[in-house]
Amino acid sequence: PGDRVGIGASGGKDSTVLAYVMKLLNDRHNYGLSLFLLSVDEGIAGYRDDSLETVKRNKQQYMLPLMIVSYEQLYGWSMDDIVEAVGRKNNCTFCGVFRRQALDRGALLLDLDHIVTGHNADDMAETILMNIFRGDLPRLTRCTSIATRGDGYTVRSKPFKYAYEKEIVMYAYLRRLDYFSTECTYSPNAYRGYARVFLKDLEALRPSAILDIIHSGERLRVSADVVMKSAEVCERCGYISSNRVCKACVLLEGLERGLPRMGIGRVAEEGQGIRPRRPVEQVHFALLAERAARMRSERQAGAGKFCGSQCAESQCTESQHAGSCCSGSQCASATCTESPQCAAAQTSPHQPLGK
């Protein structure tokens, strides 16, 4: 009771069913959770803008506060811009890396205890297969966990880990839920798509293949003789990483230097050692964590009563609290710049938040 839980909301069937079920159970059993919708705008015209309209409708239907963080705001690049620079191949690498970090940034802006995502059994089995195909042992040992601590600050959970995709579709249809069903514009070229086709072929031969793969991944044990990289903290942005510089910072450096394929594949491009000056400075994760701790102390002391003790609107002016929430210390708007307490993307990573 009292935990703040963010629901990763994309507008698709999985996240919509998850939001509906979390809201239903929280109200029915009086769990006392504070629920929020947390969405990431990747900047894909004709896809994400439409799906976010569904999320905004879900916000009204389930009466849950919503925060939207965008690639454009956090990194200075939309996915459409990235695809134009990189091409249709390997662009999903950028999206996956940036989305994980964007969710964790949003979680700290909202001072969440948990993030829950709608990954279903099919997604889990595909991820296990992909990590096997790539020989990615560290991720293979982590990907089957139902709860992980991605950035070292916020716990991530996957409640639908054992739920088949078809079960979720049937439930959404039964409950007549409002969700967005169009595939991403760039997904036909995704590596995951090939794993999905392979998985469906396996399921046709062996109906239990999906859960069998998940259980096999859970039972995987790494020999003590195998040396695994220990987790570090990125020296630039403070995000958890297996290297001195995290993947997101490497990819951003390549984009800004006109070497968009830097960080993809095993071959480094020429001039990789130069550190650029990026037009959008990322707020350091340590500062976000410091701000989240301060917000929590203020909330526990009874300070601030905006949108359930904290404004979670992506646009303060769209909220019913317009005109007041930006004057409060609890505003966590992804775009608000009026409050001295806002962790706006424009804040320099070298300055304390709120100064």
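1. In what order do the six strands of the open sheet stand? The order is 3-2-1-4-6-5, with mixed pairing. Strands here are DSSP runs of E, at least two residues long, and helices are runs of H or I of at least four, both numbered from the N terminus. Two strands pair if DSSP finds at least two bridges between them. Strand 3 (66–70) and strand 5 (147–149) are the edges; each has a single partner strand, so one side of each lacks a neighbour in the sheet. On average, neighbouring strands are turned by 30° against each other, direction ignored.

2. Basis of the model. This is a predicted model, in which local features need pLDDT of at least 70 and side-chain atom pairs count only at pLDDT 80 or more, while totals for chains, interfaces and linings use all residues. Residues are numbered from 1 along each chain as its sequence is written, and side-chain values use heavy atoms, with hydrogens and water left out.

3. Confidence. pLDDT is the predictor's confidence in each residue, from 0 to 100. The chain mean is 82, and 79% of the residues reach 70 or more. Residues 266–278 fall below 50; this stretch has 19 contacts beyond near neighbours in sequence. Contact means heavy atoms within 4.5 Å. Residues 304–355 also stay under 50, and the model gives them 109 contacts beyond four places in sequence. Treat those two stretches separately when reading the rest.

4. Overall make-up. The chain has 12 helices and eight strands. Of its 355 residues, 50% count as buried. Buried means under 20% relative accessible area, exposed over 50%, and partly exposed in between (1.4 Å probe, protein chains only). Among contacts with a separation of 6 or more, 69% join residues 24 or more positions apart.

5. Strand pairing. Strand 1 (residues 4–8) runs parallel to strand 4 (residues 114–116), joined by three bridges. Glycine 6 has isoleucine 115 of strand 4 as its bridge partner. Strand 1 also pairs with strand 2 in the parallel sense, over five bridges. There, isoleucine 7 is matched with leucine 37 of strand 2. Six of the eight residues of strand 2 are buried, so this strand is largely enclosed by the rest of the structure.

6. Helix 5 on the sheet. Helix 5 (residues 91–109) lies across strand 2, strand 3, strand 4 and strand 6 (155–157). Helix 5 runs at about 145° to strand 2. Axes are lines fitted to C-alpha atoms, for helices over the stretch in contact; angles run from 0 to 180 degrees between N-to-C directions.

7. Helix 5 against helix 12. These two pack at an angle of about 30°, with axes 8 Å apart. They are therefore roughly parallel to each other, a label for angles under 35 degrees (over 145 is roughly antiparallel, 65 to 115 roughly perpendicular, the rest oblique). Helix 5 contributes Gln101, Asp104, Arg105, Leu108 and Leu109 to the contact. Among the helix 12 residues involved are Phe285, Leu288 and Met295.

8. Nonpolar core. A nonpolar core is a set of buried Ala, Val, Leu, Ile, Met, Phe, Trp, Tyr and Cys residues joined through side-chain atoms within 4.5 Å. The largest has 45 residues; Tyr71, Ile82, Phe98 and Leu255 have the most contacts inside it. Helix 5 gives the largest share, nine residues. Tyrosine 71 touches, among others, Val40, Trp77, Met79, Cys95 and Phe98, leaving aside residues up to four places away in sequence. Apart from this core lies another of 23 residues, including Val5, Leu37, Tyr62 and Ala172.
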